[in-house]
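Thank you all for coming; I would like to take a few minutes to walk through one model with you. Please have a look at it first, and then we will go from single residues out to the whole chain.

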Amino acid sequence: MRENEQTRFLKTAQAVLPGPTARKAFVQYVQTVAQDMQENAEAGDFSAIAEQLGPSPRQAALDFFDSQSPEIQSQWTAEGKRRKTLLWLAVGAILAILLLTVAFFVVTEGVMIVNTETTNFDFSGTSMTLEEQTKLVMELMKPEG
């Protein structure tokens, strides 16, 4: 039961934090508080720990973030923005690839165009030997020049 409560608390609180580094630091902070309270025999379940951290998970996360130095806050915020930007770029690239694929198949009518030059010679109905056929084909295939 305690694990479920803690997981729910952390998921709710982590949504407020800007990036993975801030989230990891918050998880470590919560685990440290929980361990300290257990050692002092102050907590029987996670609800007592949650009350110690703050009135709500979101507020606990905001208080934790505000308690950090301005440099760390700016690093975490920049990391969060960078992560969101990369996510949007990845989504945009995937959509562009899908759009180009659809456009390609619309233009080519669903068939990939392969340009090959093939020359067929039909020697049926002739009495030429294989050597004669080969010699004739080689002469016909010679580039002009």
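Let me begin with how the helices are assigned: helices (H or I, at least four residues) and strands (E, at least two) are DSSP runs, numbered from the N terminus. Two remarks on the source: residues are numbered from 1 along each chain as its sequence is written, and side-chain values use heavy atoms, with hydrogens and water left out. This is a predicted model, in which local features need pLDDT of at least 70 and side-chain atom pairs count only at pLDDT 80 or more, whereas totals for chains, interfaces and linings use all residues.

With that in place, Gln6 is found in helix α1, and is Gln6 buried or exposed? Buried means under 20% relative accessible area, exposed over 50%, and partly exposed in between, with a 1.4 Å probe and protein chains only; Gln6 counts as buried because its relative accessibility is 10%. Leaving aside neighbours within four places in sequence, Gln6 is in contact (heavy atoms within 4.5 Å) with Val30, Gln31 and Phe46. Val30 in turn, not counting residues up to four places away in sequence, touches Gln6, Phe9, Leu10, Phe46 and Leu53.

Val30 also brings us to the largest nonpolar core, a core being a set of buried Ala, Val, Leu, Ile, Met, Phe, Trp, Tyr and Cys residues joined through side-chain atoms within 4.5 Å. This core has 21 residues, of which Phe9, Phe26, Val30, Ile49 and Leu53 touch the most other members. At least two of its residues come from each of α1 (2-14), α2 (20-39), α3 (46-53) and α4 (57-66), and α2 gives the most, with 8 residues.

Turning to the other end of the exposure scale, Trp88 lies in helix α5, residues 70-107, and Trp88 counts as exposed because its relative accessible area is 64%.

Finally, the chain as a whole has 6 helices and 0 strands. Along its principal axes, the C-alpha trace spans about 105 × 35 × 25 Å. The radius of gyration, taken over C-alpha atoms, is 35 Å, whereas a compact globule of 145 residues would have one near 15 Å, the globule rule being 2.2 Å times the number of residues to the power 0.38. Of the 145 residues, 22% count as buried, and residues 24 or more positions apart account for 52% of the contacts with a separation of 6 or more.
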